[in-house]
Amino acid sequence: MKKIRDFSQIIGLLENGQLNPALSGEVSETLNKLYDMSEGSQGATFKGSTTLKLSFTVKDGMATIAADFSSVTPKRPRKNSVFWVVEDGALSTEHPRQHDMFTPRAVSSEEPTRQSQ
């Protein structure tokens with residue numbers, strides 16, 4: 001009679017050998033998401049987890065093992081947008097106390113006077 005006492009063997013046998021590659025893929029996907037989030041965010045820490053749950057049922061000496069796993073990663077950070085609140089609660093992309101540098105303005109046709117020194 002073959003006895004299985006090693007947990008890694010049990011994992012390798014679950015779901016006819018399909019659980020291990022599926023779980024490995026889940027871990028890889030979680031790490032890829034965390035890596036993508038960390039790109040361009042020097043010094044920032046992103047945390048995630050993968051959880052494996054095994055449920056055991058024993059009846060008349062026969063054991064049934066059901067496996068489930070899930071992963072959690074943080075929400076991808078979104079960029080902020082800046083607006084100015086102006087009269088009547090409206091929003092503007094232009095600072096209300098500054099003149100727009102790129103708005104065309106009337107040009108005087110007169111030659112400016114120069115002062116001699």
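The legends below accompany close-up views of a predicted model.

**View 1. The overall fold of the predicted model, with its two helices and four strands.**
Read from one end of the sequence to the other, the elements follow the pattern α-α-β-β-β-β, and the protein that they belong to has 117 residues, of which 9% are buried. Among contacts with a separation of 6 or more, those between residues 24 or more positions apart account for 41%.

**View 2. Helix H2 and the face formed by its buried residues.**
Helix H2 has 20 residues and spans 29 Å from its first C-alpha to its last, which is close to the 28 Å expected at 1.5 Å a residue. The residues of H2 that are buried are Leu19, Leu23, Thr30, Leu34 and Met37. When H2 is seen down its axis, these buried residues fall within an arc of 65°, so they line one face of the helix. The elements against which the buried residues of H2 pack are H1, S1 and S2. Just after H2, glycine 40 takes a positive phi of about 80°.

**View 3. Alanine 22 in helix H2, shown together with phenylalanine 69.**
Alanine 22 is found in helix H2, which runs over residues 19-38, and with a relative accessible area of 34% it is partly exposed, because buried would require a value under 20% and exposed a value over 50%. Phenylalanine 69 is 47 residues away from alanine 22 in sequence, and the C-alpha atoms of the two residues are 9.4 Å apart in space.

**View 4. The largest pocket and the residues that line it.**
The largest pocket has a volume of about 160 Å³, and its lining consists of Ile4, Ile10, Leu13, Leu14, Phe56, Val58, Ala63 and Ile65. The elements that give two or more residues to this lining are H1, S1 and S2. Sorted by class, the lining of the largest pocket has eight nonpolar residues, with no polar and no charged residues.

**View 5. Isoleucine 10 in helix H1, one of the residues lining the largest pocket.**
Isoleucine 10 is found in helix H1 and counts as partly exposed, at 25% relative accessibility. When its neighbours within four places in sequence are left aside, isoleucine 10 is in contact with Ile4 and Ile65, and both of these residues are also listed in the lining of the largest pocket. Asparagine 20 lies ten residues from isoleucine 10 along the chain, with 9.8 Å between the C-alpha atoms of the two.

**View 6. Asparagine 16 in the loop between helices H1 and H2.**
The loop that holds asparagine 16 connects helix H1, residues 7-13, with H2. Asparagine 16 has a positive phi of about 55° although it is not a glycine. With a relative accessible area of 75%, asparagine 16 is exposed, because the value is over 50%.

**View 7. Aspartate 60 in the loop between strands S1 and S2.**
Strand S1, residues 49-59, and strand S2, residues 62-72, are the elements on either side of the loop in which aspartate 60 has its place. Aspartate 60 is not a glycine, and yet it has a positive phi of about 55°. At 79% relative accessibility, aspartate 60 counts as exposed.

**View 8. Tryptophan 84 in strand S3 and the residues in contact with it.**
Tryptophan 84 lies in strand S3, which covers residues 84-85, and at 35% relative accessibility it counts as partly exposed. Leaving aside neighbours within four places in sequence, the residues in contact with tryptophan 84 are Ala90, Leu91, Ser92, Thr93, Glu94, His95 and Pro96. For one of these, histidine 95, the distance from tryptophan 84 is 6.1 Å from C-alpha to C-alpha, at a separation of eleven residues in sequence.

How values were computed: Residues numbered from 1 in each chain as written. Predicted model: local features only at pLDDT ≥ 70, side-chain atom pairs only at ≥ 80, totals over all residues. Heavy atoms only, no water. Buried < 20%, exposed > 50% of the residue type's maximum accessible area, 1.4 Å probe, protein only. Expected span 1.5 Å × (residues − 1). Arc of directions from axis to C-beta. Contact = heavy atoms within 4.5 Å. 1 Å grid on protein atoms, 1.4 Å probe; cavity = no way out; pocket = protein on both sides within 12 Å on 5 of 7 lines; lining within 4 Å. Points joined across faces, edges and corners; volume = space filled by probe spheres on them. Nonpolar A, V, L, I, M, F, W, Y, C, P; charged D, E, K, R; others polar.
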